[in-house]
Structure formats: structure tokens, C-alpha cells
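Colleague: I am new to reading protein models, and I would love some help. Could we walk through one together, feature by feature?

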Amino acid sequence: LADDAVAAIQAADSSKALQDVRVQFTGKKGLLNQYSKAMKDLANEEKPQLGQAISSFHAAFNEAFEARQGEIAQAELEAQLASEVIDVTRPGRQAASGSRHLLTQTREALEDLFLKMGYQVIDGPEVELDHYNFEMMNLPKNHPARDMQDTFYIDEEVLLRTHTSPVQARTMEQHDFTKGPLKMISPGKVFRRDSDDATHSHQFQQIEGLVVAENISLADLKGTLLLFAQATFGQERQIRLRPSYFPFTEPSVEIDISCFKCGGDGCNICKQTGWIEILGGGMVHPRVLEMADVDSEKYSGFAFGLGIERIAMLKHNVDDIRHFYQNDLRFLEQFKGGH
Ligand code: FA5
């Protein structure tokens, strides 16, 4: 029997087959048990002989079993490793990578520019109080100029900000002017009840700029914006200031840049006049300074506000503002890997 068992063990070629052999020989209904049961029928002097035979069977069985078990485990491990082998020489699958949106690229380029000029970048709330969005910007209730920015109201005192200018007031209130001048930009989303068309969106982004210190003049605004225009649209750019009106600046100006070739068809935006309007600004109105507790006798400031979409559209010859929000990859992928 021991020989049969050892032969069966060696013939087993998997863990499962090996377990079957064990059951076949040493299980409850196994062959060995039949011999053990025969014990009671034997004469006393024959019993030790059978006992010895059984225990030598066990010894032989266990030895062969363990040896075969080790071999099978090794073989199964090798088979598993072989089936899971990774061929490092095969070409990988290309993972699609995202990229920064053109508006993000444009905003970050402008932030970098102003950071280099020593400005802080300051965030403000998109859900804003009427107080900051309008009142502190010298636009009291019922002021007709409120119509310039058609507003989404949440309730009488709370609204979606229509421009980034309220961050001016919030920042001036916090700033300690005895410690030095205030130079900040504030980028972010703004909202207006404008009908969407090629150049207008009900949600767009602005960057506010504000400098308040002693002896700030319109010349500082002009120099700063010339630098911005040249850094953004090319060193040959010139700017010009035209009189305009904002309730929070006095005097107020619209800033134009000289035309530039953007390449491609349809890029003749300003052929007739040679100038194209890019942003609004002016000297901070003394009332705006006073309302934020800034001494308007001692300090003066300039401010400006620009539309990020408009800058990106001009710079990259994008003909419809809605492209920015439709998430069409054919549009977005043209600007992969930019700034
Ligand atoms: C303002 O919002 C002023 N707060 C800017 C300012 C700041 C002036 C500080 C003086 C001092 P205006 O409404 O013109 O100004 O908007 C500024 C820019 O936002 C525009 O030049 C334009 O580029 C952009 N813009 C305005 N409305 C829309 C719109 N519906 N969709 C896309 N861009 C818009």
C-alpha cells in the first residue's frame, strides 16, 4: 500500500490532485482505515506487526507527500509568475493628459507680470454685498450708473458681483498705509445679466488693479499699463488714454492699444482706427478712498479693470467668447502647453 501511495503522490500534478490522494489513502473512508479496522479481528500477536506497518506507511506517506507538495507549490508559483510576466519592451498606452484652459493661462501670465512688479494677488467673494459692489464704489442706490452693470440679485443686499472692483474697497479697509503703499491685483469671476453673444457672456472674468500711495498720478497708470500692453501683446505696442466715465474713478479713462498683427484670416480687428479698446481705469475717486477710511488728502491711487476673455480673444484671435465655455476639445487643444 505504501508503494501505491507514494506512486500516486508522485503522479499528482496539482495541489488539488495531491489532496485527492491524501483523502484516498488516509481519509476517513480511505484505504488505510480499512486496514486499521481489520486490527480488531487479528490475533493479539499479529497486532504489533500491523501497527508497525501502519506507522511505517505514515512515515513513507508523509515524506513523499511533503516532498511532492513542495514541488507542486514551486511549479504553481513559477506558472503564475510566467503568466503575469510584464514585457517592459512593449510600447505603453498613451494616457490622455489635460492642460490648462486658455483663460487660466492668460490669468496666470497676468498674475506673474504683476507679481514681478511687486503687486499682491488678492481674492474676493463672488457672492458680494451690495455695500461693496456698489455703495463703496460710489454707486449709491438708485444711481443711474448702476444700469451699466445689470445685476443678478440674491436679495436686496446680496448679489453676484458685477465686477472685481469691490475687492478694492475690501483691501483698502484692511491695509495699513503707515506700513507702505498698497499694490494689488484681484482676478476672479464676475456676473452680469447680459445676453450671451460673440463678445458678451453672463459670466466672465476680470482682473482688478489698484495702487494707492502718496503722490500716485495718472502718469503712473499710463506707465504701468504700457508695460502690461507690451508684455502681453508685443514690445511694439503703444497705448492711448481716452476720457471715459466710471463712478469710482475721477478722471476715468478707456485704454486703447495700437493694432497688432495676430495672423490668420479675419484678424483685421482695428484696421480703421489703428486702435483697439482693451480696458477701463482711472484715478481712484476721493470719495472711494474716504469711504474706505483712507486719507484722500495724503494718498491718491489709480485703478483699472480688464476682462480676461477679451485679452485672450485679442491675443489668440478667438472670434467668439462662447468658445471658452463650451469645452470643445478641438478648441481647447489648440492652446495646450501654453504659458
Ligand atoms: C468695469 O467693470 C470696471 N469695474 C472697470 C474699472 C475698474 C474701471 C477700476 C475703473 C477702475 P466695464 O464694465 O467696462 O468696467 O468692464 C471691464 C471689462 O470687462 C470690459 O472692458 C470687457 O473686457 C469686460 N466685460 C464687460 N462686460 C462683459 C461681458 N458681458 N462679457 C465679457 N466681458 C465683459
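**Reading the model step by step**

Modeller: Let's start with one residue: Asp-319 is exposed, with a relative accessible area of 59%. Keep in mind as we go that this is a predicted model.

Colleague: Where is Asp-319 placed?

Modeller: Asp-319 belongs to the loop between helix H10 (308-316) and helix H11 (323-326). Its side chain makes a polar contact of 3.2 Å with the side chain of His-323. Not counting residues up to four places away in sequence, Asp-319 touches Ala-198 and Met-313. The chain also brings Asp-319 and Thr-199 together in space: they are 120 residues apart along the chain, yet 8.2 Å separates their C-alpha atoms.

Colleague: Now the sheet, please. In what order do the strands of the open sheet come?

Modeller: Read across the sheet rather than along the sequence. The open sheet has 7 strands in the order E1-E4-E5-E9-E8-E7-E6, and the pairing is mixed. At the edges are strand E1 (120-121) and strand E6 (239-246), each of which pairs on one side only.

Colleague: In which sense do E4 and strand E5 pair?

Modeller: They are antiparallel, with 10 bridges between E4 and strand E5 (residues 203-213). To see the register, find Ile-185, which stands opposite Gly-209 in E5. Helix H5 (residues 102-116) lies across E1, E4, E5 and E9, and it runs at about 165° to E4.

Colleague: And what are the partners of E7?

Modeller: On one side, E6 and E7 pair in the antiparallel sense over 7 bridges. These two strands form a hairpin with 2 residues between them, and Phe-246 stands opposite Thr-249 in E7. E7 is also joined by 8 bridges to strand E8 (residues 275-284), again running antiparallel. There, the bridge partner of Ser-258 is Trp-275 in E8.

Colleague: How many of the 10 residues of E7 are buried?

Modeller: The strand is mostly covered, with 8 of its 10 residues buried. A helpful general idea is that side chains in a regular strand alternate between the two faces of the sheet.

Colleague: Let's pick one residue of that strand. Is Ser-252 buried or exposed?

Modeller: Ser-252, found in strand E7 (residues 249-258), has a relative accessible area of 4%, so it counts as buried. Its side chain reaches the backbone nitrogen of Phe-246 at 3.0 Å. A second polar contact, of 2.6 Å, joins the side chains of Ser-252 and Thr-249. Leaving aside neighbours within four places in sequence, the contacts of Ser-252 include Arg-242, Tyr-245, Gly-281 and Gly-282.

Colleague: Next, the rings. How many aromatic pairs are there?

Modeller: The count comes to 10 aromatic pairs. Take Phe-177 and Tyr-299 as an example: the ring centres are 5.0 Å apart and the planes are at 40°, so the pair is tilted. This pair links distant parts of the chain, 122 residues apart. Phe-177 is in the loop between helix H7 (166-174) and strand E4 (182-191), while Tyr-299 is in the loop between helix H9 (286-291) and strand E9 (300-307). Phe-177 is buried at 12% relative accessible area, and Tyr-299 is buried at 10%.

Colleague: Which residue has its charged end over the ring of Phe-65?

Modeller: That is Arg-22, whose charged end sits 4.2 Å from the centre of the ring. Phe-65 also forms one aromatic cluster with Phe-25, Phe-57 and Phe-61. Elsewhere, the charged end of Arg-170 sits over the ring of Tyr-132, 4.2 Å from its centre.

Conventions: Residues numbered from 1 in each chain as written. Predicted model: local features only at pLDDT ≥ 70, side-chain atom pairs only at ≥ 80, totals over all residues. Heavy atoms only, no water. Helix = DSSP H or I, 4+ residues; strand = E, 2+ residues; numbered from the N terminus. Buried < 20%, exposed > 50% of the residue type's maximum accessible area, 1.4 Å probe, protein only. Polar contact = N/O pair within 3.5 Å; in protein donor to acceptor, adjacent residues only side chain to side chain. Contact = heavy atoms within 4.5 Å. Phe/Tyr/Trp six-rings, centres within 6.5 Å; stacked < 30°, edge-to-face > 60°. Lys NZ or Arg CZ within 6 Å of the ring centre and 35° of its normal. Pairing = 2+ DSSP bridges. Axes fitted to C-alpha atoms, helices over the stretch in contact; angles between N-to-C directions.
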